[in-house]
Amino acid sequence: MERRTFFVDVLLPLHLPDTYTYRVPYDYNDFIKVGQRVVVQFGSKRLYSAIVRRVHENVPSYTTKYVLSILDLEPIVTERQLLFWEWMASYYMCYPGDIMAVAIPSAFRLSSESYIVVHPDFAGEYNDLSEDEIKVLDVLSRKERLEISEVVEITGYQKIMPLIKTMIEKHIILMDEELHQRYTPRCSIWLTLNEKYKDEAELKQLFDTLEKKSVNHKQMLALMHFMQLSGFGTKDVKKKELTDNKDLSASAIETLIKKEVLVQMQREESRLEEYESTIDVGSITLNGEQQQAFDTIEASQKAVNLLFGVTSSGKTEVYIRLIDQMLKDGKQVLMLLPEIALTAQVINRLRKYFGGAVGVYHSRFSTQERAEVWLRTMDKSESGYKLLLGARSALFLPFHNLGLVIVDEEHDSSYKQNDPAPRYNGRDCAIYLAHTWCAKTVLGSATPSVESYFNAQSGKYGYAELQHRFGGIEMPEVLCVDMKDAQRKREVQMNFSKFLLDHIHEALQRKEQVILFQNRRGFSLRLECDVCHWIPQCKHCDVSLVYHKASNSLRCHYCGYSIPVPQECPACHSTTLKMKGFGTERIEDDLAILVPEARIARMDLDSTSQKKRYVEILNDFDDHKIDILVGTQMVTKGLDFDNVSVVGILSADNLISFPDFRAYERSFQQMTQVSGRAGRRGKQGKVIIQTYQPYHQAIRDAMENNYISMYNSQIVERRVFKYPPYYKLIVITIKHLKEDVTNDVAALYAVRLREQFAERVMGPEYPSVARIRNQYLKRIMVRFAVGEAINEGKRIMLRIADEILKDKAFARVQIVFDVDPQ
């Protein structure tokens with residue numbers, strides 16, 4: 001048989017523009033496949049797990065390194081996934097390695113210095129070994145394993161990998177598998193009764209034998225307990241159930257195993273909690289509006305459909321019916337949620353209907369748990385997941401038969417990843433992913449993004465709506481407090497108007513609950529000297545430090561830098577330092593004084609940093625153990641509580657007064673969403689908005705729940721000022737440690753871009769925060785009308801950037817592209 005030489009192009013989880021080619025050892029020819037992980041050397045010492053992108057016989061014009069090992073029997077990444085990654089890299093102007101780095105669970109990645117160990121089959125024959133090989137083995141005889149850097153020291157060679165490769169081929173050493181395979185299945189020990197003793201006569205004789213000798217008393221107790229747990233030998237028992245029993249002797253259990261009365265076996269088990277369905281989907285009765293929306297989506301010929309339903313209108317029931325239809329057809333379903341931590345209610349609800357078919361994937365799982373969800377998504381058997389719920393990272397799961405994608409709260413900015421690359425929008429990628437499977441996409445929201453609603457109105461998307469709350473519940477009454485007028489009348493206490501406080505007291509007297517929304521965490525937004533107006537600044541970023549009372553420190557929300565609270569102003573030595581502005585921590589503190597009888601909890605990034613802390617807070621609120629829940633935008637998403645009668649928005653002006661063309665849209669969405677938490681079960685709730693701009697159109701629209709008014713005003717502005725959905729935006733950020741270098745590169749790049757794109761180019765300008773983590777920033781915006789050749793434009797931008805960065809003076813400059821910025 002002809003000996004064939006194969007090469008593989010592999011994808012590394014690094015910010016690199018290309019795949020890299022390695023030679024396949026002849027022994028691996030029959031096993032290498034696209035989508036497998038392989039270990040390769042990249043650089044002089046580093047080893048990485050790479051994904052095989054292509055297997056071929058094209059001999060490169062240079063000497064290639066060898067693949068060191070194959071980590072998988074079968075591919076863990078599909079061809080369709082690899083094509084999806086390549087589309088993302090092209091669209092979002094990054095590299096496939098950037099996509100791989102976020103797509104693959106960290107348990108499947110290897111990116112640290114490796115170790116070598118003695119091969120278990122090495123017979124100890126030193127006769128045919130070189131002097132260097134003997135040196136390495138001599139040290140390995142005294143140490144369990146060696147780092148690559150230690151081998152360099154032992155031999156004195158900087159290029160050590162040829163020696164290691166030779167020793168691997170001779171079966172002298174192995175790469176440490178523990179390093180490669182960070183994912184290992186969880187196993188447990190089970191016990192079963194020996195087949196011999198399942199015969200009644202044999203079992204009776206065994207007990208008689210144990211009973212005759214007093215030394216066997218402990219063994220008899222252990223065996224009797226096992227028989228009770230196993231249903232008299234009809235089922236297996238986990239060994240831990242016996243060993244954890246303090247009344248039983250561990251040595252007696254081991255003796256029964258040695259005597260082969262009990263047979264010990266090892267089984268793989270899931271790290272993930274298993275659920276059973278408890279409710280039949282057929283029990284769901286849709287109202288007329290829901291049924292019409294369901295029928296419209298089912299019959300739609302459009303690939304993408306927008307479900308526009310007011311808060312508490314029953315969108316989830318429509319989703320459940322759509323999911324059930326797909327699962328009956330043998331398809332998989334992906335449902336994206338904006339923040340998985342805050343949608344536990346949706347997950348628990350879906351598990352009641354679909355039980356063990358539901359898999360949840362998000363960053364708060366351990367690395368091992370995420371790897372298991374990945375493998376069970378690939379699994380085509382009954383134990384595989386059919387319905388996957390997750391945040392934007394769930395897009396990367398290895399589906400094998402995707403039939404439906406649902407994006408809940410599609411307007412939410414959490415679907416956009418801003419840093420690091422890839423800077424992708426989960427909603428838009430979900431639409432493309434569904435397209436690759438010829439699957440249908442459903443976008444759901446009570447406040448759709450302007451772009452999605454525009455696409456629905458222009459006929460690009462299908463459209464269904466739910467205009468009324470389920471069960472005939474009224475929309476909440478929205479009231480506005482003019483804080484200027486309240487302050488003039490001296491009706492403000494600690495950032496709370498008398499009007500809001502009165503409603504809080506009334507709700508508590510009726511044993512009802514309250515949600516208060518403030519889109520700023522921390523205690524105070526800044527500390528300020530009352531004499532010279534000095535404000536403490538972050539030494540790494542151009543922002544003021546935020547006071548956090550819990551740690552009694554001033555902290556930067558961009559880089560994490562913190563300092564103790566100064567006792568005096570370092571500029572003028574005045575001790576009159578005052579807190580300005582307020583965050584969620586301050587609100588929680590003030591409420592303890594204003595409403596001392598209330599049980600108060602806070603939900604923001606600081607209070608939910610511990611794993612599952614967010615679940616504890618939500619469960620306590622649901623169980624009425626908390627009277628007032630204070631939070632940032634976390635409290636606006638996916639919460640459904642039956643006893644909330646009052647929602648307070650403490651500072652609507654923070655939402656409106658933001659330098660962004662989406663500020664009006666976002667402020668309307670957040671106010672409407674948090675308003676929707678009030679009065680969801682059987683009674684009308686109240687929403688109270690505190691503002692210094694009571695006649696601002698965004699506030700008036702939110703008060704009237706008038707999405708169409710907001711949309712009509714915004715769509716006109718966007719057409720006039722050339723913003724989405726009429727134009728595509730690409731924001732280019734130039735970063736460097738020196739301000740003058742940043743300015744030089746930004747100016748040069750802008751000139752080169754204007755030569756190609758003329759008036760489409762805006763900037764360069766400093767962003768609102770011009771320095772982050774000691775890097776100075778400048779931004780350039782490029783606009784393309786929808787329908788223009790944007791792909792060619794992207795290629796030109798990347799080419800110009802590469803040409804500029806070839807200048808040694810600009811070698812350390814970073815040029816970052818953000819396509820469709822949010």
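# Cysteines, buried polar side chains and unusual backbone geometry

The sulfur of Cys429 lies 9.5 Å from the closest cysteine sulfur, that of Cys94, which is too far for a bond. Cys556 is in no disulfide either, the nearest cysteine sulfur being that of Cys538 at 3.7 Å. A disulfide is a covalent bond between the sulfur atoms of two cysteines. Because a pair of sulfur atoms must lie within 2.5 Å to be counted, the 3.7 Å between Cys556 and Cys538 does not qualify. A search of the whole structure returns 0 disulfides. Cys429 is buried, with a relative accessible area of 0%, and Cys556 is also buried, at 2% relative accessibility. The model is a predicted one.

## The protein as a whole

The protein has 822 residues, of which 52% are buried. Its secondary structure comprises 26 helices and 36 strands, and its C-alpha trace spans about 90 × 75 × 70 Å along the principal axes. Among contacts with a separation of 6 or more, 74% are between residues 24 or more positions apart. The accessible surface amounts to about 38600 Å², and carbon and sulfur atoms account for 48% of this area. The protein carries 107 positive and 109 negative charges, and the mean positions of these two sets are 3 Å apart.

## Buried side chains with polar contacts

Several buried residues have a side chain that meets a backbone atom elsewhere in the chain. The distances are tabulated here.

| Side chain | Backbone atom | Distance |
|---|---|---|
| Asn194 | oxygen of Glu260 | 2.6 Å |
| Tyr22 | oxygen of Gln41 | 2.7 Å |
| His736 | nitrogen of Lys738 | 2.9 Å |
| Arg469 | oxygen of Thr311 | 3.1 Å |
| Arg469 | oxygen of Gly676 | 3.1 Å |

Tyr22 sits in strand β2, which covers residues 20–23. With a relative accessibility of 4%, Tyr22 counts as buried. Leaving aside neighbours within four places in sequence, Tyr22 is in contact with Phe7, Val8 and Val10, with Val40, Gln41 and Phe42, and with Thr64, Lys65, Tyr66 and Val67. Gln41 thus appears among the contacts of Tyr22 and also supplies the backbone oxygen reached by the Tyr22 side chain. The C-alpha atoms of Tyr22 and Pro60 are 9.3 Å apart, with their positions 38 residues apart along the chain.

Asn194 belongs to the loop that joins β9 (186–193) to α7 (200–212). Its relative accessible area is 18%; since the limit for a buried residue is under 20%, Asn194 is classed as buried. Outside the four nearest places in sequence, the contacts of Asn194 are Glu260, Val261 and Val263. Glu260 also provides the backbone oxygen that lies 2.6 Å from a polar atom of the Asn194 side chain.

Arg469 occupies the loop between β18 (462–466) and β19 (477–482). Despite being in a loop, Arg469 is buried, with a relative accessible area of 4%. The Arg469 side chain reaches the backbone oxygen of Thr311 as well as the backbone oxygen of Gly676. Leu229 is 240 residues from Arg469 along the chain, and the C-alpha atoms of the two are separated by 51 Å.

His736 is part of strand β32 (residues 727–736) and is buried, at 12% relative accessibility. Beyond four places in sequence, the residues in contact with His736 are Val741, Thr742, Asn774, Gln775, Tyr776, Arg812 and Val813. The side chain of His736 reaches the backbone nitrogen of Lys738 at 2.9 Å.

## Backbone geometry in loops

Two cis peptide bonds precede prolines placed in loops. The bond from Asp419 to Pro420 is cis, with omega near -10°, and Pro420 lies in the loop between β16 (402–408) and α15 (426–436). The bond from Pro724 to Pro725 is also cis, with omega near 15°; Pro725 is located in the loop between α24 (707–721) and β32.

That loop between α24 and β32 also contains Lys722. Although Lys722 is not a glycine, it has a positive phi of about 65°. Lys722 is partly exposed, with a relative accessibility of 36%. His171, likewise not a glycine, has a positive phi of about 60°. His171 is found in the loop between α5 (161–169) and β8 (173–175), where its relative accessibility of 46% makes it partly exposed.

Technical notes:
Residues are numbered from 1 along each chain as its sequence is written. This is a predicted model: local features need pLDDT of at least 70, side-chain atom pairs count only at pLDDT 80 or more; totals for chains, interfaces and linings use all residues. Side-chain values use heavy atoms; hydrogens and water are left out. Helices (H or I, at least four residues) and strands (E, at least two) are DSSP runs, numbered from the N terminus. Buried means under 20% relative accessible area, exposed over 50%, partly exposed in between (1.4 Å probe, protein chains only). A polar contact is a pair of N or O atoms within 3.5 Å; within protein, one must be able to donate a hydrogen and the other to accept it, and residues adjacent in sequence count only if both atoms are side-chain atoms. Contact means heavy atoms within 4.5 Å. Accessible areas come from the Shrake-Rupley method with a 1.4 Å probe; for residues, only the protein chains shown count as cover. Lys and Arg count as positive and Asp and Glu as negative; His and the chain ends are not counted. The place of a charge is taken as NZ of Lys, CZ of Arg, CG of Asp or CD of Glu.
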